[in-house]
Amino acid sequence: MVAAGEAVSAAVAASGERKASTDELAAAIALAELPRMTPARLRRLLVESRAPDSWRELRAWPSSSNRRPAPDWFPSGAGGRHGQAELVELWARTARRVEPAERLAAYRRSGTGAALWWQPLYPAVLGGDPSVSGLLFFRGELPFGRPVPSVAVVGTRSATPYGRDVAYELGRALSEAGVVVVSGLSEGITACAQAGALAGEGMAPVVVAVGGVDVVGSTALSPLWDRVAARGAVVSEVPLSRRADKWRFPWRNRLVAALADVVVVVESHREGAALATAEAAARRDRPVLAVPGSVRSSASRGSNALISDGCTPCLGPEDVLVALSLAGRQQGGARRTGLLPAAPRCRDHAGFPLPVAPGGPVAPGGSAVTDGCSEEERAVLDGLDDAPATLATVTARSGLAVGAAALALDRLVGRGLVSDGGGWWCRLPFAPPPVCGTAECTVGDLG
Amino acid sequence: MLSCVRSASLSGSQVRPVLVETHVSNGLPGFTVVGLPDAACRESRDRVRAALMSSGLKWPLKRVTVNLAPSGVRKVGAGLDLAIAVGLLAAVGELSQEQVGDFAFVGELGLDGSLRPVRAAISLAAAAGKQAVVLPVASAGEVSALPGVALHCAPTLSAVVAALRGERDWASVPPAVGKEGNEAESVPDLAQVKGQPLARRALEIAAAGGHHLLLVGPSGSGKTMLGSCLASLMPDLGPEQSIEVAKLHSLTGGDPPSTSPSRPPLRAPHHRMPLVSLVGGGSSGTRPGEVSLAHNGVLFLDELAEFPPAALDALRQPLEDGSVTIARAGERVRFPARFTLVATASPCPCGEGGTPGSCRCSAMSRSRYDNRLSGPLADRFDMRVSLERPRAEDLLESASGEPTATVKARVGRARSIAVARGGCPNGLMTPEALGRLAPITSAAALLAERRVRGGRLSARGLHRAWRVARTVADLDGAPVEIDELHMAEALALDGSSKALRGSAQW
């Protein structure tokens, strides 16, 4: 594993068998930065020809006065033969202004690495995949240099608290079992999965960016993005500073599916993008697992449909490990504990479940837990289940006044019996370890 | 051959007393009005001549000069007609100066000698500055609430002359423009709202304390209906307040307020209305906008996110100061604008974003929407309540909720406790007054402190919750200390804008 700063030179050093590979990398970067470049077009220029040859040919391309047909290996532009000529001319004009060595130096300065398809740094799983470009930009450390199992955790942006919790727990359990968690990084499931994978001391995760590796989806996510880049890696097929255009999302999803040995869909709407990732994985014969959700939740409609279509249901991290043929790798053996380990659901301000204090498994919520509860708290607790409910619903179900219901909820959150999802409350299935047991324990104190 | 008669006139939005001097002399017969009259005012000579003749009075075949003092200020409108006619009669000796000297005259004349109502009659009567004011019958009702003014009215010019001569009594002053039934017709009763216990409670608190309220919910959750109920829950206005309201409404020149003058006004401007009509202004004299017409009442902004950003920014000054200052080329006017703001919004463009996991919007359109809603204005709302669509059981249930009258009685009690304590509704208490007049128990303080420490409540937010908690305590019959329950309720009703969108996290 090599840090990104020296990655380019390391990649060059490791390629003893191919001479002048610095030139080839520089030319590949310059080609990738051409306007209207797509992964498919880049593949033709990099893989089906050699990058320096493509670059030389482009620069030497004659101006429009004596136009000649492009060679066969050249990518075709929109609009057939004519479109191709136009595209090649655009590229030639741009190429004459660009010096590949300067681009390579710029990437080195910004701490961004680049790996060509034949270099050892390039993920082996991508070899022979026809939908990837053959050039991968990255920040951080690429874990793909040696055989490491990787799992894509994907799902919707508008997730429920249930989905977020499951994604977080999955991410953490998998990373602790030595699995690389691969996903995009947008709000909802993927952000929670990445945060979970970073929570423990386990394997660092990998984010696949839609735009350049320096283009964060939203400002709220940029701290998480930086943490991933510092411990794990952010990879992309797109050159630096390119925006996350709409058309790039399917390409990104295909790359996620191609990088992962197993894909887990946590929550997906009926026509969610996560289903496209699942389909791309199925086409590559990678196992797809889906986390079952409530039949009433529209956020689980797509993932439940996957299960009814024959996908393996994912009932816990062990199921994923079994699919990876790694059963037993999870810490504490392959007990089938389900996805609900003894964890308090106190959340920090960003909404992440906070780290667990060592407390061991606790008995399922029941008599022992509600012992110290007042009449009101019990009434509120009886009206709650694990579907999120608003204060209005809680008030109506418990028959309490608004103030009494609000106070009881506040105390129950302090006891760790109820989770507060920003105005939406749901009951937690397990009692927390003692660290959260007092009413005085607050989210803020723990944070 | 000279007479002086008092009156008042509008110039722009300012109402000024005017002295109408009439001079009649020998010479070529003619009638001149000087002293910067506008077109309507200059035309009064034709109306006055016709009205005098129709009323069986003599038109002097002499040279008549009318001066409107102060001469340097522009006079607008036809409200000086009556004063000019009376002044002319006094100048030719039909009436004596003693007979007219104790009165101020405001009114427009018809060609048949009848008296027509004037715009801003209440302001004009207040500015005329005399003990007795003579008005058209149609304008008198509006002015009748004005204290300290002896009010006389008459239907025609000949009736005015007869009354001044002592031959006949003045006409009786009609009662205040009472359209008591109007409110009940246009605004739904709270009993019609099914379910929504939280929003009902928030409405009650907003009405009692004058707190600004934001209702967030999907389409069909009844937010518009609830929002329009707020004004009808508020207690009646005091005499001073209702005169302030009546003066502002009379300046717009149109209809008297749609409800009885002692009820708080409800203004619900549409989101496409131009900025000038929201804030005030206008080319022919500065007129108060919707924010001032909602003074002492409710400004209801339905679909807040549809309002252009400029309109929402313009609301910040009135929310902060309780008034708007409009500077125009000719004048600079300050209108009062202290209203209770109630607004509704969808949680996101598709409307479903309130429930976790069911939003169908793209991230881009959601963040664009959020940017429009968040910002300084969103921070001004004391309560932000999310609504859900009512359940089918609630809709079909025959038992209706509490009617407006019951809630209004509770609100009135709480409001009078608050006013007795701090001299104003709780929503207007300063942070300094809060510390002095609204003590809280240690348990309630702990509750608020945890929120602040947890980073979920700003300093401004704490004061907001404190004021709301004060009102909750007033409503619950705890006039001294704010208890834990009251604070918990206030904090629960101050849902963060993120929570309303159902996305506490990313």
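**Chain B: a helix, a sheet and two domains**

I'll start with helix α22 of chain B, whose buried residues pack against elements of both chains: α15 (391-398) and α16 (402-415) of chain A, together with α9 (197-209), β18, α20 (442-453) and α21 (459-475) of chain B. Before going on, note that this is a predicted model.

α22 covers residues 484-493 of chain B, and 10 of its 10 residues are buried. The buried set includes charged side chains as well as nonpolar ones: B:E484 and B:E489 are in it, and so are B:L485, B:M487 and B:L491.

One of the elements that α22 packs against is β18 of chain B, which brings me to the sheet. It is an open sheet of five strands in chain B, in the order β11-β14-β17-β10-β18, with parallel pairing. The edges are β11 (266-267) and β18 (383-386) of chain B; each has a single partner strand, so one side of each is left without a neighbour in the sheet.

Further in, β14 (residues 298-301) and β17 (residues 340-345) of chain B pair in the parallel sense over four bridges. To give you one position to look at, B:F300 has B:V342 in β17(B) as its bridge partner.

What lies across this sheet? Helix α10 of chain B, residues 223-233, lies across β10 (213-216), β11, β14 and β17 of chain B. Against β17(B), α10 runs at about 175°.

Now the domains. Chain B is divided into domain 1, residues 2-165, and domain 2, residues 181-500. Their C-alpha centres lie 44 Å apart. Where they touch, 14 residues of domain 1 of chain B are in contact with 16 residues of domain 2 of chain B. On the domain 1 side, helix α5 (residues 121-127) of chain B gives the most, with three residues. By class, that side has eight nonpolar, four polar and two charged residues.

Last, a single residue, B:A140, in helix α6 (residues 137-143) of chain B. Is B:A140 buried or exposed? B:A140 has 27 C-beta neighbours inside 10 Å, and the cut-off for buried is 20 or more, so B:A140 counts as buried. Leaving aside neighbours within four places in sequence, B:A140 is in contact with B:L135, B:L151, B:C153, B:V173 and B:P174. For a sense of distance, take B:V193: B:A140 and B:V193 are 53 residues apart in sequence and 39 Å apart in space, C-alpha to C-alpha.

That's what I have.

Note on methods. Residues numbered from 1 in each chain as written. Chains lettered and ligands numbered in written order. Predicted model: local features only at pLDDT ≥ 70, side-chain atom pairs only at ≥ 80, totals over all residues. Pairing = 2+ DSSP bridges. Contact = placed C-beta atoms within 7 Å. Axes fitted to C-alpha atoms, helices over the stretch in contact; angles between N-to-C directions. Domains from an automatic or database assignment. Buried ≥ 20, exposed ≤ 12 C-beta atoms within 10 Å, placed from the backbone.
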